[in-house]
Amino acid sequence: MSPPAGRDSPGGGAAGSGPAAVSRVAGSLPRLTGRTRVFGIIGHPVSHSISPIIQNAAFRVLGLDAVYVPFPIAPERLAEALLGLAAAGVQGLNVTLPHKQTVIPLCAALTAEARAIGAVNTLRATPEGWLATNTDGTGFIVSLAEELGWAPGGKHALMLGAGGAARAVGWHLLKGGLTRLTIANRSRERAESLARQLRGDPGGTVDVAPLDALAGLAPGLLVNTTSVGMHDGRSPVELARVGVREALIDIVYAPPVTPLLEQAAALGLPHTNGMGMLLYQGAAAFRFFTGEEPPVAAMRAALEAELAARAK
Ligand code: ATR
């Protein structure tokens, strides 16, 4: 096992504290033993995943005899791989594309949240088989609270997008007591379908609006769950016309500042990108499959260092 790519340990000295010390610990080679607990991520491809960086940093900082490994699993070998990983004693897994839905029938049980969202990103080994959950929405809600001090109770939110991420985000906002959710999406049909699902579970007031008719809506929160701004230098809406009152979150994290976030900054609207959601979904996954409290500061330092290195 080699250290995370591009993260040479400077070596020497005690671990100390602060970001430099955290990155020394995160970059050091783990000592693997006969008792080392193995965790990992399954995806196809999986080489781009940041999860090994975050999770291994957490293991190192806590001094756990554990390691987190990327497993590239082709879709047609998913069932075989899950049986094999369980048989080999792997204790927990994250799940990324394209397996987030196809893995469901291969699991022994799902949390209520994973069942409602219809997609999973975290598995824990149990004697009965894999127990699956979804920590994406938890990551989103914790990020809103931690980065923006915003909670959904009694509020109105406008959500752009109606894909897989939107389903997790919308479910958690409503579960958290949001009184009104407006969904705006390029494909109206997909927005209507998501609205119907969310009205059923967890329930609440959910309406649909066209992307080009949001002027004066004045929601408390705007959430972008679309991929607009990730590769195209565009903003999904003209923010000043929407009149967002309290906060904005764009779940894109690369680039760190999208055109939508630039507009929020220009308007003086409190805002954040998707890095916090990425961090806190990882922290919740760590808690789910290790049973330990995640060392969030160390995980954040490792994530920030990795994103900065990738941006170069
Ligand atoms: P994820 O699981 O990350 O949410 P997804 O299910 O593919 O990914 O959803 C992507 C979202 O981004 C959808 O809401 C999609 O709109 P459509 O449902 O109309 O496809 C939205 N999206 C992607 N590219 C877009 C674009 N160029 N303009 C507007 N919306 C876009």
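Colleague: How far does a backbone N or O atom of Ala 162 lie from an oxygen atom of the ligand?

Modeller: This is a predicted model, so keep that in mind as we go. For a polar contact, look for N or O atoms within 3.5 Å of each other. Here the backbone atom of Ala 162 sits 3.0 Å from a ligand oxygen.

Colleague: Which side chains have an N or O atom that close to a ligand oxygen?

Modeller: Asn 185 has a side-chain N or O atom 2.7 Å from an oxygen of the ligand, and a polar side-chain atom of Arg 190 lies 2.8 Å from one. Taken with its surroundings, the ligand has 67% of its 650 Å² of accessible area covered by the protein.

Colleague: And what classes of residue make up the shell around the ligand?

Modeller: Sort the neighbours by class and count: three are nonpolar, seven polar and three charged. Of those 13 residues, the nearest are Ala 162, Asn 185, Arg 186, Ser 187 and Arg 190.

Colleague: Okay, on to the domains. Where are their bounds?

Modeller: The assignment gives domain 1 as 33–135 + 278–311, and domain 2 as 151–269. Their C-alpha centres are 27 Å apart.

Colleague: How much area do domain 1 and domain 2 bury between them?

Modeller: About 630 Å², with 69% of it on carbon and sulfur atoms. On the domain 1 side, Glu 113, Ala 116 and Ile 117 lose the most area to domain 2, together 65% of what that side buries.

Colleague: How many salt bridges cross that interface?

Modeller: Zero by the rule, though three residue pairs are in polar contact between the domains. By residue count, seven from domain 1 are in contact with six from domain 2.

Methods. Residues numbered from 1 in each chain as written. Predicted model: local features only at pLDDT ≥ 70, side-chain atom pairs only at ≥ 80, totals over all residues. Heavy atoms only, no water. Near = heavy atom within 4 Å. Polar contact = N/O pair within 3.5 Å; in protein donor to acceptor, adjacent residues only side chain to side chain. Areas by Shrake-Rupley, 256 points an atom, 1.4 Å probe, with all protein chains shown as cover. Nonpolar A, V, L, I, M, F, W, Y, C, P; charged D, E, K, R; others polar. Domains from an automatic or database assignment. Contact = heavy atoms within 4.5 Å. Buried area = accessible area lost by both parts, 1.4 Å probe. Salt bridge = Lys/Arg side-chain N within 4 Å of Asp/Glu carboxyl O.
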